[in-house]
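Colleague: I'm new to this one and would like a close look at a single part. Could you walk me through one strand and what surrounds it?

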Amino acid sequence: MAESAHKEVQEQCVLQNKEQLEAFINEKKVQTEGNRTYKDSLFTDLFYSDETAEDNLRSLYNALHPEDPLAETDIIIKKRLENIFFNVLQNDIAGLFKNRVLMFGEHQSTINNNIPVRLFMYAGRVYEQLLEGHKKYGTARIELPTPEFYVFYNGKEDWDIKELKLSDAFKEKKHPFQMDLKVKLINIRAENNHDILKKCDVLNQYSKFVQVYESNKGSSERMEQTIKYCIRHNILSDYIKRKGKEVISMLTAEWNMEEALEVAREEGEISGQKKKEEKMIINLYKAGGKLELIATAAEKSVEEIKQILNRSGVIPE
């Protein structure tokens with residue numbers, strides 16, 4: 001497999017599959033449970049889908065911009081993409097706050113150097129929707145909300161990266177860039193004690209919940225301990241009481257996806273070993289990867305991917 005596909009299958013796939021970026025989820029569709037082909041990550045549910053999401057977003061924005069906080073009367077317009085890479089998880093969201101568009105992502109494991117590319121494509125779709133109805137070919141200048149990009153890192157590795165840039169991906173490094181995109185990376189691990197956790201209580205509680213979950217991961221009994229501990233220590237307690245085991249279900253699905261992709265990355269580094277290559281393909285398929293995307297990353301045809309999955313008994317012949 002190509003080295004680029006090994007490092008991060010998801011982002012390489014998106015560059016090859018423009019059709020996956022065709023539609024946004026409007027507010028009505030987001031709130032309609034029927035026919036949903038994705039599953040919210042816990043982060044996305046807290047800051048996009050849950051009944052408290054708007055308050056949570058307000059708190060997050062104010063933590064990032066204490067110099068210009070939102071008033072209670074300020075309206076937040078939420079946005080996100082549908083099915084960028086997989087059918088099962090969503091963990092990228094955006095919102096229009098006053099004159100700014102803030103775009104957020106979250107990562108549990110290795111920081112992906114292609115995040116700026118991903119958010120660059122995301123931004124185009126966000127602005128396309130925001131500018132719907134504007135006279136884009138008129139002579140009067142259209143005033144655009146200012147974009148800001150953030151990734152919240154919740155993994156265990158000690159990352160000292162503070163910023164990721166789109167220009168790092170440009171082939172001509174010495175070219176005078178006429179465009180760039182900068183993503184601010186914020187480590188929200190509780191032990192990292194980032195200042196934003198002091199300013200945004202719900203993000204702080206989320207970070208603590210993830211830590212408790214990690215320590216109890218492994219069995220249903222230990223998962224129950226996570227629920228009980230967090231309720232007892234007032235960690236997302238009201239949220240957990242309302243949603244119950246759905247909270248664990250969301251986080252378990254999210255971690256399973258991350259682990260499947262991590263296996264894919266690790267195995268992809270060992271070239272020439274057919275068994276490991278096939279295992280990577282199986283893991284990605286089980287994690288919800290679409291055949292076309294897996295085929296692109298593996299540099300194989302869809303038919304070859306189907307044959308591998310058939311031989312492994314993952315899908316019937």
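How many bridges join β4 to strand β5 (residues 100-107), and in which sense do the two run?

Modeller: Six bridges join them, and β4 and β5 run antiparallel. A word on ground rules before going on. This is a predicted model, where local features need pLDDT of at least 70 and side-chain atom pairs count only at pLDDT 80 or more, while totals for chains, interfaces and linings use all residues. Residues are numbered from 1 along each chain as its sequence is written, and side-chain values use heavy atoms, with hydrogens and water left out.

Now the setting. The protein has 14 helices and eight strands. Those are DSSP runs numbered from the N terminus: H or I over at least four residues for helices, E over at least two for strands. Of the 317 residues, 50% are buried. Here "buried" is under 20% relative accessible area, "exposed" is over 50% and "partly exposed" is in between, using a 1.4 Å probe and protein chains only.

Back to β4. Six of its six residues are buried, which makes the strand mostly covered. In a regular strand, side chains alternate between the two faces of the sheet. In β4, Asp-92, Ala-94 and Leu-96 point one way, Ile-93, Gly-95 and Phe-97 point the other way, and all are buried.

Next, the partners. Strands count as paired if DSSP finds at least two bridges between them. Besides β5, strand β4 pairs with strand β2 (residues 76-79), in the antiparallel sense and over four bridges. On the β2 side, Ile-76 has Phe-97 as its bridge partner in β4. On the β5 side, Leu-96 stands opposite Val-101. β4 and β5 make a hairpin with two residues between them, and Lys-98 in that turn has a positive phi of about 55°.

Phe-97 also has an aromatic partner. Tyr-61 and Phe-97 form a stacked pair, 5.1 Å centre to centre with 10° between the planes. Rings of Phe, Tyr and Trp (its six-membered ring) pair if their centres lie within 6.5 Å; planes under 30 degrees apart are stacked, over 60 edge-to-face and the rest tilted. Tyr-61 sits in helix α5 (residues 53-64) and Phe-97 in strand β4 (residues 92-97), so this pair ties together parts that are 36 residues apart in sequence. Tyr-61 has a relative accessible area of 0% and is buried; Phe-97, likewise buried, has a value of 0%.

That pair belongs to a wider set, since a search of the whole structure finds six aromatic pairs. Ring pairs also link Phe-43, Phe-47, Phe-104, Tyr-150, Phe-152 and Tyr-206 into a cluster. A charge turns up over a ring as well: Lys-78 lies over the face of Tyr-48, 5.0 Å from the ring centre. For that to count, NZ of Lys or CZ of Arg must be within 6 Å of the ring centre and within 35 degrees of the ring normal.

Some of those cluster names come back in the nonpolar cores. A nonpolar core is a set of buried Ala, Val, Leu, Ile, Met, Phe, Trp, Tyr and Cys residues joined through side-chain atoms within 4.5 Å. The largest has 41 residues, and those touching the most other members are Phe-47, Leu-60, Phe-104, Phe-152, Ile-196, Leu-203 and Phe-209. Helix α8 (residues 201-216) gives this core its largest share, seven residues. A second, separate core of 20 residues includes Val-101, Ile-115, Ala-123 and Val-151. Val-101 is the residue that Leu-96 of β4 faces across the hairpin strands.

Phe-152 is worth clicking on too. Leaving aside neighbours within four places in sequence, Phe-152 is in contact (heavy atoms within 4.5 Å) with Phe-43, Leu-60, Phe-104, Gly-105, Glu-106, His-107, Ile-186, Ile-188, Ile-196 and Leu-203. As for the protein as a whole, among contacts between residues at least 6 apart in sequence, 65% join residues at least 24 apart.
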